[in-house]
Amino acid sequence: MFSKRFYQEVASNDQDKYVKKLTTPSYLLLFLHAQLQQREGLRAIADDALKTKFQLELGFTSISTSQLSRKHQQMNTQLLQYVFMELV
């Protein structure tokens, strides 16, 4: 889904070192979806993540607002910039 370089960047930055649920690729897909759907706030994003089909696509069964918040704070901004530039 993402480029080989993206996965190398995630690994080299230990972005998902101790992650069990919300991996960086899942996080990015979730937030790209939220952006396209014009969701406002983490609670609305977490509500979207409760849909069964969407959970299967992202690879987890549930996610809380606090988990989203923690992942958001831990994200490497250079990685996000790389993804943005690839999309543009």
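Colleague: Leaving aside neighbours within four places in sequence, which residues is Asp-16 in contact with?
Modeller: This is a predicted model. Asp-16 sits in the loop between helix 1 and helix 2. Leaving aside neighbours within four places in sequence, its contacts are Val-10, Thr-23, Thr-24, Pro-25 and Lys-71.

Colleague: Which residue meets the side chain of Asp-16 in a salt bridge?
Modeller: Side chains of opposite charge can pair when their charged atoms come close. For the Asp-16 side chain, the N to O distance in the salt bridge is 2.9 Å. The partner is Lys-71.

Colleague: How many residues apart are Asp-16 and Lys-71?
Modeller: Asp-16 belongs to the loop between helix 1 (4-12) and helix 2 (24-36). Lys-71 belongs to helix 5 (residues 65-74). The pair thus links distant parts of the chain, and the separation is 55 residues.

Colleague: What distance separates the C-alpha atoms of Asp-16 and Lys-71?
Modeller: Along the chain the two residues are 55 apart. In space, the C-alpha separation is 9.8 Å.

Colleague: Is Lys-71 buried or exposed?
Modeller: The cut-off for buried is under 20% relative accessible area. Lys-71 has 3% relative accessibility, so this residue falls under that limit. Lys-71 counts as buried.

Colleague: And how does Asp-16 count by relative accessibility?
Modeller: Asp-16 has 22% relative accessibility. Partly exposed covers the range between under 20% and over 50%, so the value falls in that class. Asp-16 counts as partly exposed.

Colleague: How many salt bridges does the count come to?
Modeller: One joins Asp-16 and Lys-71. Asp-48 pairs with Arg-39, and Lys-51 also meets Asp-48. The count comes to 3 salt bridges.

Colleague: Which residues are linked in a network of salt bridges?
Modeller: Asp-48 forms a salt bridge with Arg-39, with the closest N and O atoms 2.6 Å apart. The side chains of Asp-48 and Lys-51 meet at 3.6 Å, N to O. The network links Arg-39, Asp-48 and Lys-51.

Colleague: How does Asp-48 count, buried or exposed?
Modeller: Arg-39 is partly exposed at 32% relative accessibility. Lys-51 is partly exposed too, at 47%. Asp-48 has 6% relative accessibility and counts as buried.

Colleague: Are helix 1 and helix 6 roughly parallel or roughly antiparallel?
Modeller: Two packed helices are described by the angle between their axes and the distance between the axes. Helix 1 and helix 6 (residues 77-87) have axes 10 Å apart, at an angle of about 175 degrees. Angles over 145 degrees count as roughly antiparallel. Helix 1 and helix 6 are therefore roughly antiparallel.

Colleague: How many nonpolar residues does the contact of helix 1 with helix 6 have?
Modeller: From helix 1 come Arg-5, Phe-6, Glu-9 and Val-10. They meet Leu-79, Tyr-82 and Val-83 in helix 6. By class there are 2 charged residues, no polar ones and 5 nonpolar.

Colleague: Which residues touch the most other members of the largest nonpolar core?
Modeller: In soluble globular proteins, nonpolar side chains tend to be buried together. Here the largest nonpolar core has 21 residues. The residues touching the most other members are Phe-6, Leu-30 and Leu-68.

Colleague: Which element gives the most to this core?
Modeller: Elements giving two or more residues are helix 1, helix 2, helix 3 (42-48), helix 4 (52-58) and helix 6. The top contribution is 5 residues, and it comes from helix 2.

Colleague: Leaving aside neighbours within four places in sequence, which residues is Phe-6 in contact with?
Modeller: Phe-6 is one of the helix 1 residues that meet helix 6. Leaving aside neighbours within four places in sequence, its contacts are Thr-24, Pro-25, Leu-28, Leu-79, Tyr-82 and Val-83.

Colleague: How far apart in space are Gly-59 and Pro-25, C-alpha to C-alpha?
Modeller: Gly-59 is in the loop between helix 4 and helix 5. At 61% relative accessibility, Gly-59 counts as exposed. Gly-59 and Pro-25 are 34 residues apart in sequence, and their C-alpha distance is 9.9 Å.

Colleague: What phi does Gln-38 have?
Modeller: Gln-38 lies in the loop between helix 2 and helix 3. Gln-38 counts as exposed, at 67% relative accessibility. Although Gln-38 is not a glycine, its phi is positive, about 55 degrees.

Colleague: And what phi does Asp-14 have?
Modeller: Asp-14 lies in the loop between helix 1 and helix 2. At 46% relative accessibility, Asp-14 counts as partly exposed. Asp-14 is not a glycine, yet its phi is positive, about 50 degrees.

Notes:
Residues numbered from 1 in each chain as written. Predicted model: local features only at pLDDT ≥ 70, side-chain atom pairs only at ≥ 80, totals over all residues. Heavy atoms only, no water. Salt bridge = Lys/Arg side-chain N within 4 Å of Asp/Glu carboxyl O. Helix = DSSP H or I, 4+ residues; strand = E, 2+ residues; numbered from the N terminus. Buried < 20%, exposed > 50% of the residue type's maximum accessible area, 1.4 Å probe, protein only. Axes fitted to C-alpha atoms, helices over the stretch in contact; angles between N-to-C directions. Parallel < 35°, antiparallel > 145°, perpendicular 65-115°, else oblique. Contact = heavy atoms within 4.5 Å. Nonpolar A, V, L, I, M, F, W, Y, C, P; charged D, E, K, R; others polar. Core = buried A, V, L, I, M, F, W, Y, C linked by side-chain atoms within 4.5 Å.
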